[in-house]
Structures are given as structure tokens and as C-alpha cells.
Amino acid sequence: MLPQSVSLESNTLNSEALRPEPARPFLTWQRILDWANEHYRCRTFSKDEKIPARPGLLYLVQRGAVRMVGVAQVSATHRNQGARTVANLNQEEAFLGFVGAGQPFEIVAQSPFTLHSYAHIDQTSVIWMYWHDLDNWPHFRREVLDAFRYQHQRKLLWLSTLGQRRTIDRLLGFLTLLIEEYGEPAEQGYSLPWTLTHAQIGSAIGSTRVTVTRLMGKLRQRGLILTQDDNLICLPADTALRR
């Protein structure tokens with residue numbers, strides 16, 4: 001696990017800390033897949049296609065990766081029109097992370113916040129079911145709850161990283177958490193298996209695309225991150241985080 005804060009000045013990570021934890025396997029996965037196909041509960045999506053998920057249902061990523069996005073209706077200013085006061089509502093969208101193959105997710109809707117899910121890569125396959133469907137597989141239910149508990153722990157680390165004052169620390173902490181969880185061995189360290197745009201990164205850490213591009217350049221200059229030919233972000237496993 002990463003420390004509660006990730007600072008360029010003080011924290012170091014060795015290759016063991018960067019090695020991603022293996023995905024928690026669902027022991028009855030094949031039975032679930034057979035059941036989903038039999039009941040038409042499995043669907044495959046193209047890259048960036050929105051997954052029509054709704055609250056109250058359980059979703060399982062069978063293949064590929066799902067990108068979670070939060071949308072909030074923000075009202076920061078008001079303008080008067082005669083006797084009426086009209087709120088200026090803007091939709092603020094933020095990247096909230098990935099759900100990888102073999103992992104569950106839910107959609108939450110609580111005004112003014114909603115979650116949306118998108119296929120992050122082509123051929124992303126998702127299974128859906130009602131929670132009471134899990135009554136048929138008690139052990140599988142425990143696996144699902146364990147997976148949600150693990151996701152909750154990761155989100156606490158995510159929130160800690162976003163609490164960093166300096167944007168460059170938030171950026172490095174964000175990339176480190178992503179690669180720790182989803183990274184795959186690469187020639188020079190560990191890399192994300194999927195691309196992320198600078199705009200998506202900026203929405204996750206509360207910054208702008210321009211600022212992320214500039215800070216990514218600084219991190220590359222310091223040898224703290226690498227970018228592979230296919231624009232995959234890589235963290236050197238044998239390099240301590242240094243100033």
C-alpha cells in the first residue's frame with residue numbers, strides 16, 4: 001500500500017511497492033458467465049461507448065476496462081431576470097477511475113451527483129444482475145463484497161492523494177495509484193495498460209489539460225515517469241521518487 005500522502009520531496013517507492021496487486025479472482029466466474037449468456041445479461045461495448053447502467057443493479061466486468069465518470073450539476077452563480085432569480089447550472093465531469101476485468105461496480109445517483117460508465121477499450125464485456133441473483137452463489141456474494149471493500153480502501157488512498165496541496169504531487173500520486181493497481185510489467189518499469197488523455201487526468205486531480213501537459217513534462221525530465229511509444233504512461237520500478 002502507498003503511504004497516506006505522496007510527496008516528491010520525501011517519499012520513495014521501491015519495485016515491490018510498484019508491483020500491482022493481482023486481481024481477485026471470482027471462484028465461480030465460469031458459472032456466472034454461463035448464467036449471464038443464458039439469461040442475456042452480457043453485452044459487449046466499443047471504445048468510449050456509454051454503458052446503460054442504472055442504480056440498484058450489480059455489474060461485473062468480464063473483459064476489458066470500464067471508465068467511471070462523475071457528473072455534478074454545479075450552481076455557482078445566479079443572475080436576476082426581473083423578479084426571478086435564475087441559477088446558472090454547469091455540468092462538471094470528473095474521471096473517477098477504472099474497473100478492470102473480474103471486478104464489480106455499481107452506479108449511484110444522488111442529486112446533484114450521478115455516475116456514468118464507459119467502455120475504455122474496444123470489446124469491453126459487462127455482465128449485469130440483480131443483487132438477489134447472488135442468492136444462488138453465496139460464495140460468489142462474499143467475493144463481490146470483498147472486491148467492493150478493496151475498492152473502498154483504494155478510494156481512501158485516492159482521496160488522500162487528491163488532498164495534496166501541490167498539483168504536481170497530486171498528479172504523481174494519482175499516476176502511482178493507478179499503476180500500482182492496474183500496471184503491467186514493461187521494459188523500463190510498470191505501465192498502465194490503457195491510455196489516458198491529459199484532459200481526463202486533469203479532471204481527476206482538479207486541474208486543467210494544459211497544466212497536466214506541463215507537469216507531465218517536468219516529471220519526465222526528473223525521470224519519475226516515462227511515456228512509451230504508444231502513449232502509455234510508465235513508472236520506473238527501480239527509480240526512487242526524488243525531487
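Biologist: Among contacts in the protein chain between residues at least 6 apart in sequence, what percentage join residues at least 24 apart?

Modeller: The figure is 74% for this chain. Please keep in mind that this is a predicted model.

Biologist: How confident is the predictor, then, and what is the average pLDDT?

Modeller: The average pLDDT of the protein chain is 81, and 79% of the residues score at least 70. Residues 1-25 have a pLDDT below 50, and this stretch has 72 contacts in the model beyond near neighbours in sequence. Where pLDDT is low, the predicted coordinates should not be read in detail.

Biologist: How many helices and strands does the chain have?

Modeller: The secondary structure comes to 6 helices and 13 strands.

Biologist: And what share of the residues is buried?

Modeller: Of the 243 residues in the protein chain, 46% are buried. The accessible surface comes to about 13000 Å², and carbon and sulfur atoms account for 50% of that surface.

Biologist: Let us turn to the strands. Which strands pair with β8?

Modeller: Strand β2, residues 50-51, pairs with strand β8, residues 113-119, in the antiparallel sense over 2 bridges. Within that pairing, K50 has Y118 of β8 as its bridge partner. Strand β7, residues 109-110, also pairs with β8 in the antiparallel sense, over 2 bridges.

Biologist: How many residues lie in the hairpin between β7 and β8?

Modeller: The hairpin joins the two strands through 2 residues. A109 stands opposite T114 in β8.

Biologist: What about S117 in strand β8: buried or exposed?

Modeller: S117, which is found in strand β8, has a relative accessible area of 1% and is therefore buried, as the cut-off is under 20%. Leaving aside residues up to four places away in sequence, S117 touches E49, K50, I51, A53, V66, R67, M68, F105 and I107.

Biologist: R67 appears in that list. Which residue meets R67 in a salt bridge?

Modeller: The partner is D48, with a distance of 3.2 Å from N to O. The pair links distant parts of the chain, as D48 is in the loop between β1 and β2, R67 is in strand β4, and the two are 19 residues apart. R67 is buried at a relative accessible area of 8%, whereas D48 is partly exposed at 40%. In general, side chains of opposite charge can pair when their charged atoms come close.

Biologist: How many salt bridges are there in the count?

Modeller: The count comes to 8 salt bridges. One of them joins R141 to D135, whose closest N and O atoms are 2.6 Å apart. R141 is partly exposed, at 26% relative accessibility. Another salt bridge is formed by the side chains of R166 and D169, at 3.2 Å from N to O. Here R166 is partly exposed, with a relative accessible area of 29%, while D169 is buried at 5%. In addition, salt bridges that share partners join R154, E180 and E181 into one network.

Biologist: Changing topic, what is the strand order in the open sheet of 4 strands?

Modeller: The order is β10-β11-β13-β12, with antiparallel pairing. The edge strands are β10, residues 184-186, and β12, residues 226-227, each of which pairs on one side only.

Biologist: How many bridges join β12 to β13?

Modeller: There are 2 bridges between β12 and strand β13, residues 233-235, and the two strands run antiparallel. L226 has C234 in β13 as its bridge partner.

Biologist: C234 is a cysteine, of course. How many disulfides does the count give?

Modeller: The count comes to 0 disulfides. As for accessibility, C234 is buried at a relative accessible area of 0%, and another residue, C42, is partly exposed at 26%.

Biologist: Finally, where does V212 lie?

Modeller: V212 lies in helix α6, which spans residues 209-221. V212 counts as buried, at 1% relative accessibility.

Biologist: Which residues does V212 touch, not counting those up to four places away in sequence?

Modeller: V212 touches L171, H198, I201, G202, I205 and S207. L171 is 41 residues away along the chain, and the C-alpha atoms of V212 and L171 are separated by 7.7 Å.

Conventions. Residues numbered from 1 in each chain as written. Predicted model: local features only at pLDDT ≥ 70, side-chain atom pairs only at ≥ 80, totals over all residues. Heavy atoms only, no water. Disulfide = S-S within 2.5 Å. Buried < 20%, exposed > 50% of the residue type's maximum accessible area, 1.4 Å probe, protein only. Contact = heavy atoms within 4.5 Å. Areas by Shrake-Rupley, 256 points an atom, 1.4 Å probe, with all protein chains shown as cover. pLDDT = per-residue confidence, 0-100. Pairing = 2+ DSSP bridges. Salt bridge = Lys/Arg side-chain N within 4 Å of Asp/Glu carboxyl O.
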